[in-house]
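Biologist: I would like to learn how to read an interface and the empty spaces of a model, taking the general idea before the particular case.

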Amino acid sequence: GESGYAQNGEFEDAELDDYSFSCYSQLEVDGTQHLLTCAFDDPDINSTNLEFEICGALLNVKCLTFDKLQDMYVIKTKKFLLIGDSEIYVKLGGKNITSKKLNIVEIVKPEAPFDIRVIYRKGANDFLVTFNTSHSQKKYVKELMHEVAYRQEKKENDWMRVNLSSTKLTLLQRKLQPDAMYEIKVRSIPNANYFQGFWSEWSPTFHFRTPEITGRMDP
Amino acid sequence: PEAALHPQIINFNFEVVQVTWNASKYPGTNLTFLYKLSSDETSSQCSNYILQQSHTAGCFLEAKKDEILCFSITNGTHLLLTKCQWISAYLKPSSPKDLNFQWHQEAITVTCSDLPYKRLLYEIQYKSMFDTEWQSKEGETCNITTDGLDAEKCYFFRARVKTMESSYGPDTYPSDWSEVTHQQRGQLRDSCQEKKLFPKFILISGTVA
Amino acid sequence: YNFTDCDFEKIRKKYQEVIYQALEKYMNGTKSTEFNNPIYCENPPDCLTKIERITFYPTHGCTSLAEEIFAIGTNATLTLQCPGYSGMQINNTQAKKKRKKREVTTNKCRERVAYLIGLWRRFSRIS
């Protein structure tokens, strides 16, 4: 799904509320600790006594119980084996009321890129865009595809988008409006065929203004 | 003795393996190199020694397969060193040949012939006259597309081959770089004039929302 | 067990993305080339046969590899990708009880894991 969750409900029993839920994982989010986050698809559900538990594809334990943070259920652990499927259970008073099979490595949501900057290179008539990602230091989800989106400010859905695997890009001056204010942001998604998942959140937006005149490139 | 001899192994593209050693601890002695590849029936003595100050200091041996090399070095009476290793652990691939460039709008696809063994990384580096550093792009085959280029600008390109550490280990060598080629407007150029970089360089102050 | 029918491509990916990291972590900076006499394997099934034997069958001087992270990953991978492979039964309490004894990674175990690294690398080069 767009927001970064894998979802389908298994039990179709009409009397029960809709307990369908979605989850995403973030690997090595704190040193070697991974994070798994789940939430009910229905934000209005009364989750007071509901608990989440994960079993299978864990190191040296059979199951782990989630912690509850407002309406999110979270596990921070090193015990993900990262091989094979797990089962996630929703429990009410210790009794399973729904469950779903999922694979931690297929629901990865990368951390958002950061530190996006734009440098105008007058001689080259272009703008050098650079940004950073915490994933270049990681062991597991190292390969990402990034999507840079930029538009003239206040031009509603007029985003131009560029996909790249590196963290450096040049925008040609002749392709932008002169003397205009632009905004630019970037997000990432796993790009290796083992780790898959969802788009990260967008980076903070960076604003820059293009020079007035479009000069010819130095010969 | 192993520390003294400090053997160094280089597997040139699974064609020839070079083993060299530091003979300074055994001045005036012709050390003997005996070896056996896992596919050999028996051991053999080196038939192609490398000489230094007219004494043996290494050996070239043919090794065409991904196999284990066992060798020993003696001074005629004493066994000084014996070692067995996968020759792939010291691989130096040959550098990419017959680079081919195909432009399409603001992207270029660089291809070359893949080497006959797996788990390699083909690396293309490129920069325009206005860039201070090379930019890299890698692929598991020699078919790499780089986009976001400006057809107006002149670009330098070069390529090399590396090994995947999970398949070959940390002791391999990257290939030598291919020759640098120059491209502009989809055409091969003899050269690109080096620019005084960023004669006018303006960092745009931006606000981060 | 005959490993001929395994899905070698999927096993290789799990090795490259997960098991490899666990093996490197176990060796903690010691290079596998510091150990002599690597073990040869001819083809993917032969490599997996030797990997299974070294990983799960204790030997004199190194009895505890089976509950290491790379071994648990290997077990899960073979169980998933080799039809009919029932996997090694390591019950968690047994693993926990042994944990105290495993604190010091013996050099004999490091040597065994160096052989494993050589075999996995070979497997990934040829599959």
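The dialogue below turns to the contact between two chains and then to a pocket and a cavity.

Modeller: This is a predicted model, in which local features need pLDDT of at least 70 and side-chain atom pairs count only at pLDDT 80 or more, while totals for chains, interfaces and linings use all residues. Residues are numbered from 1 along each chain as its sequence is written, chains are lettered from A and ligands numbered from 1 in the order in which they are written, and side-chain values use heavy atoms, with hydrogens and water left out.

Biologist: How many residues does the contact take from chain C and from chain B, and what area is buried between them?

Modeller: The size of an interface is often given as the accessible area lost when the parts come together. Here 21 residues of chain C and 22 residues of chain B take part in the contact (heavy atoms within 4.5 Å). The area buried between these chains (accessible area lost, 1.4 Å probe, summed over both) is about 1800 Å², and carbon and sulfur atoms give 44% of that area.

Biologist: How many salt bridges does the rule find across the interface of chain C and chain B?

Modeller: The rule, which asks for a side-chain nitrogen of Lys or Arg within 4 Å of a carboxyl oxygen of Asp or Glu, finds three salt bridges across this interface. One of them joins Asp66(B) to Arg125(C), with the closest N and O atoms 2.6 Å apart. On the side of chain C that touches chain B, α5(C) gives the most, with six residues (helices being DSSP runs of H or I, at least four residues, numbered from the N terminus).

Biologist: Where, then, is empty space left, and which residues lie nearest the centre of the largest pocket?

Modeller: Rolling a probe the size of a water molecule over the atoms shows where empty space is left. A pocket is an open set of points on a 1 Å grid over the protein atoms alone, with protein on both sides within 12 Å along at least five of seven lines, whereas in a cavity a 1.4 Å probe fits but cannot get out; lining residues have an atom within 4 Å of a point. The largest pocket is lined by 42 residues, and Lys142(A), Glu143(A), Leu121(B), Glu138(B) and Glu140(B) lie nearest its centre. To this lining α1(C) gives the most, with seven residues.

Biologist: Which element gives the largest share of the lining of the second largest cavity?

Modeller: That element is α5(C), with five residues. This cavity has 17 lining residues, of which Gln85(B), Trp86(B), Ser32(C), Pro38(C) and Gly118(C) lie nearest its centre.

Conventions: Buried area = accessible area lost by both parts, 1.4 Å probe. Helix = DSSP H or I, 4+ residues; strand = E, 2+ residues; numbered from the N terminus.
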